[in-house]
Amino acid sequence: MTESTNGAAPAPTFEAARPTFDAAQEFDLRDDLRGYRAGFLGSDDAAIVSYLDGNSLGRPLKASAARIGSFLQNQWAGRLIRGWDEGWLALPGKIGDELGRAALGAGPGQVTIGDSTTVLLYKLCRAAVAARPGRREVVLDTDNFPTDRFVLEGIASECGMTLRWIRPAHDGGVRAQDLGAVLSEQTALVVLSHVAYRSGYLADMHLLTAQAHEAGALILWDLCHSVGVVPTELDMWGVDLAVGCSYKYLNGGPGAPAFGYVRQDHQAVLRQPIQGWLGSADPFGMGERYEAAAGIRAFTSGTPPVVGMLAMQDMIALIDKVGIASIRAKSISLTTFALRLFDDVLAPLGASLASPRDAQRRGSHITVEHPTFQTIMPALWEKGVIPDFRNPSGIRLGLSPLSTSFAELWRGVDAIREELAG
Ligand SMILES: *Cc1c(COP(=O)(O)O)cnc(C)c1O
């Protein structure tokens, strides 16, 4: 018996359905997570027709507006300096533990919040290369985010090391054979992005970590484009170090601080280079010489950015409640629908795809290229359609599973179609 003889319409599947607006609405109706969208400020703002840039700056949660207001009134104004003793100083480790549990697969005492991704990346990479004396090379790839490449260029010249470059395919990322070709007994450190910021390629973290370890190297993963949408098992996969930002899929707000993961057994060995008072063993002893704190706190430097850490707490709590596996499942549905739209609507107008088609190798955004994208961006913004332009000709469609609807995605691609069709 088929479903239609029961009177129920067959459920459309993402691959089979023609990507019409009706199909998009149908997917929204069948989406168990659809109700969370209303929890984001601005999700009912008619002037924002389609926000497809949650991979660059996530929307704020309504809960964060309440939290920020209450912090100002009750904690900052109400508790004043007493707040430091009453919990503020402990926030980097506390939020780090919550993030580790909800999204990273990291046990307590291994994640801290602070600095920017760039600065934490420097601190952890510098510590890692110092822990492999005698090894003269750092492995990275030409498609990694500029800050990752620039920080490592600086470390290489500071420490007299050589950068070994992997050149991934335009629509791909770093695979085991690519890493295998450059690893050697000279490799001190490997630095890779879990999800490539441009192509959206999802690297096999488990496999590549084991490969780096076989060569005797340490590995640092940049999780900026995966944290909050793609689950990781940092502890189980034996990852040494990781960093990521909190303003993309963690909705921490513009300039919110980064997070860093240092595996437990490295904490007493690795020494980070910015020795500040709040990473020292006894900050309020005001001692003469630096002695590193025990545990993850040794990787902090100065005063924790307490105000910047407010909003991310709401998103981390929401991820914990919904479950990262359900979020990943919706993310795959959204990118699959985006690919269907690309094939049906954008490819016939001359656009090309610069992202993997295999859902298992794809993060939560896809990149579409067309020579005229730069010129149509102002018109799209004017219409309240906000994708992410990447020089020279790419548009990233970033899909944040709890705040993006299928209808919103459809409207965004339809506006791009309209502009391309002239
Ligand atoms: C967004 C992003 C960064 C950002 O670094 P900041 O110091 O927060 O500006 C770094 N690396 C990757 C891979 C990113 O996607």
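## Helix 8 and the ligand site

In this predicted model, helix 8 (residues 205–214) has the buried residues Met-205, Leu-208, Thr-209, Gln-211 and Ala-212; buried means under 20% relative accessible area (1.4 Å probe, protein chains only). These residues lie on the same side of helix 8 because they cover an arc of only 160° around the axis, taken from the directions from the helix axis to the C-beta atoms. Their cover includes helix 7 (176–182), strand 5 (187–193) and strand 6 (218–222). Helices (H or I, at least four residues) and strands (E, at least two) are DSSP runs, numbered from the N terminus. Just after helix 8, Gly-216 has a positive phi of about 80°.

The ligand is surrounded by residues that include Ser-116, Phe-145, Asp-222 and Cys-224, where a surrounding residue has a heavy atom within 4 Å. The shell holds 3 nonpolar, 6 polar and 3 charged residues. Three side chains have an N or O atom paired with a ligand oxygen, as listed here; a polar contact is a pair of N or O atoms within 3.5 Å.

| Side chain | Distance to a ligand oxygen |
|---|---|
| His-225 | 2.8 Å |
| Tyr-247 | 2.7 Å |
| Lys-248 | 2.6 Å |

On its own the ligand has 390 Å² of accessible area, and the protein covers 87% of this (Shrake-Rupley method, 1.4 Å probe). Helix 5 (117–130) and helix 6 (146–159) are the elements that give two or more residues to the shell.

Residues are numbered from 1 along each chain as its sequence is written, and side-chain values use heavy atoms, without hydrogens and water. Local features need pLDDT of at least 70 and side-chain atom pairs pLDDT 80 or more, while totals for chains, interfaces and linings use all residues.

Note on methods
Polar contact = N/O pair within 3.5 Å; in protein donor to acceptor, adjacent residues only side chain to side chain. Nonpolar A, V, L, I, M, F, W, Y, C, P; charged D, E, K, R; others polar. Buried < 20%, exposed > 50% of the residue type's maximum accessible area, 1.4 Å probe, protein only. Contact = heavy atoms within 4.5 Å.
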